[in-house]
Amino acid sequence: MENLSETPSTEGKAIKDQPDLDLLYFQPFIPRSFEKDLFNFLRGQLFFYRVQYKIKRGGIETQINTPRYTTVFGLDETSRFASDGSNVETSTSKPVAPNKYPTCRPRPIPQCLDELRKITEVFTESTYNFCLVNYYATGADSISYHSDDERFLGLDPAIASFSFGAKRDFLMKHKPVPPREGDTLPDQINNAKPLKLPLASGDMILMRGKTQANWLHSIPKRKGGESDRGRINITFRKAMVKGGTENYYQYNVGKGEVWKWDERKKEMRPWQSGGSG
């Protein structure tokens, strides 16, 4: 991973020209000479999950099938990983209680991703303890409009988002603003076209400040072009309490089948080796 010493490849461009928006856009962050190798390495080495979960809407239970492959690594601020990979309390360095994380088994960030995390911290002036990885196998894989504004992330969280592989549109729009008498700004915000950033391989966008509290973002479905070549998205973020750990593992690992890239067949296949990823 010595190539990471060459990052960032370009200076970040600040984007603050719309209400409550605070972005830093690197085109690219990872050198073009290295991003393809990193994409192939991560796709070939990581284990992924196609998470299923149930939610209730209006009293009706609905099963959600996550429309992309996911995985996650990390631990919230109240705990840390010991040298042997076990979980210990941050305040005392003593082993965590057996029932502290009853629904998941937190895993350390792999070395290659941890090196990227450390470099990202330097150039974003933020710290991170979680790494979420999404794999969009085709243009049919997507993520709907949402914001990373969970309370366990704290106030004004910084989210550093990397793209590798196929170029995909990253759409952003302001959350709806209630109308105010004599004020035209809410109408301007609510009627504005979404901001579209065509994220290419090696690019990184940092969302910070009031962005998550006021903006939504998505990766929409796409047909044709390079979208079927596969895209990996890596996001670094910081969970403050154990609820963040439980949430991230529930929705990015869950209890579903384990998948791994099959280089010969050029597709994700269920992992048959009996491991847990």
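## Overall build

Two residues are in contact when heavy atoms of theirs lie within 4.5 Å. Counted this way, 76% of the contacts in the protein with a separation of 6 or more are between residues 24 or more positions apart. The model is a predicted one.

The protein has five helices and 18 strands. Its C-alpha atoms fill a box of roughly 60 × 45 × 40 Å along the principal axes. A compact globule with 277 residues would have a radius of gyration near 19 Å, and the protein agrees with this, at 19 Å. Of the 277 residues, 48% are buried. The exposed area of the protein is about 14500 Å², and 49% of it comes from carbon and sulfur atoms.

## Aromatic pairs

A pair of aromatic rings is described by how far apart the centres are and by the angle of the planes. The structure holds 15 aromatic pairs. One of them joins Tyr128 and Phe236, with 6.2 Å from centre to centre and 40° between the planes, and this pair is tilted. Tyr128 belongs to the loop between helix H2 (111–124) and strand S9 (130–136), while Phe236 belongs to strand S16 (residues 231–237), so the pair ties together parts that are 108 residues apart in sequence. Both partners are buried: Tyr128 has a relative accessible area of 4%, and Phe236 has a relative accessibility of 0%.

A second example is the pair of Phe130 and Tyr249. The ring centres are 6.1 Å apart and the planes stand at 65°, so this pair is edge-to-face; the cut-off for that class is an angle over 60 degrees. Phe130 is in strand S9 and Tyr249 in helix H5 (residues 242–252), so parts that are 119 residues apart in sequence are tied together by the pair. Phe130 is buried at 0% relative accessibility, and Tyr249 is buried at 4%.

## A cluster, and charges over rings

Tyr128 and Phe236 also belong to an aromatic cluster, which includes Phe26, Phe29, Phe123, Phe162 and Phe164 as well.

In two places a charged end sits over a ring. That of Arg43 is over the ring of Trp261, 3.7 Å from its centre. That of Lys173 is over the ring of Tyr145, at 4.2 Å from the ring centre.

## Helix H1

Helix H1 runs over residues 32–45 and has 14 residues. From its first C-alpha to its last it reaches 21 Å, close to the 20 Å expected at 1.5 Å a residue. Its buried residues are Phe34, Glu35, Leu38, Phe39, Leu42, Arg43 and Gly44. Arg43 is thus on the list of buried residues, and its charged end is the one placed over the ring of Trp261.

## Helix H5 and what follows

Which residues of H5 are buried? They are Gly244, Thr245, Glu246, Tyr248, Tyr249 and Asn252. The cover over these buried residues includes strand S3 (47–49), strand S6 (69–74), S9 and S16. After H5 comes Gly254, which has a positive phi, near 60°.

Glu257 lies in the loop between H5 and strand S17 (258–262). At 44% relative accessibility, Glu257 is partly exposed. Its contacts, leaving aside neighbours within four places in sequence, are Phe48, Tyr49, Arg50 and Pro270. Glu257 and Leu46 are 211 residues apart in sequence, and their C-alpha atoms are 14 Å apart in space.

## Two buried residues: Thr70 and Glu121

Thr70 is in strand S6 and is buried, with 0% relative accessibility. Setting aside neighbours within four places in sequence, Thr70 is in contact with Phe48, Tyr49, Val51, Val133, Asn134, Tyr251 and Asn252. Asn252 is itself one of the buried residues of H5. Between the C-alpha atoms of Thr70 and Leu46 there are 9.9 Å, and the two residues are 24 residues apart along the chain.

Glu121 is in helix H2. Its relative accessibility is 18%, and Glu121 counts as buried because the cut-off is under 20%. Not counting residues up to four places away in sequence, Glu121 touches Ser126, Thr127 and Tyr128. Tyr128 is the residue that pairs with Phe236.

Technical notes:
Residues are numbered from 1 along each chain as its sequence is written. This is a predicted model: local features need pLDDT of at least 70, side-chain atom pairs count only at pLDDT 80 or more; totals for chains, interfaces and linings use all residues. Side-chain values use heavy atoms; hydrogens and water are left out. Rings of Phe, Tyr and Trp (its six-membered ring) pair if their centres lie within 6.5 Å; planes under 30 degrees apart count as stacked, over 60 as edge-to-face and the rest as tilted. Helices (H or I, at least four residues) and strands (E, at least two) are DSSP runs, numbered from the N terminus. Buried means under 20% relative accessible area, exposed over 50%, partly exposed in between (1.4 Å probe, protein chains only). A charge sits over a ring if NZ of Lys or CZ of Arg is within 6 Å of the ring centre and within 35 degrees of the ring normal. The expected span of a helix is 1.5 Å times one less than its number of residues. The radius of gyration is taken over C-alpha atoms; the globule rule is 2.2 Å times the number of residues to the power 0.38. Accessible areas come from the Shrake-Rupley method with a 1.4 Å probe; for residues, only the protein chains shown count as cover.
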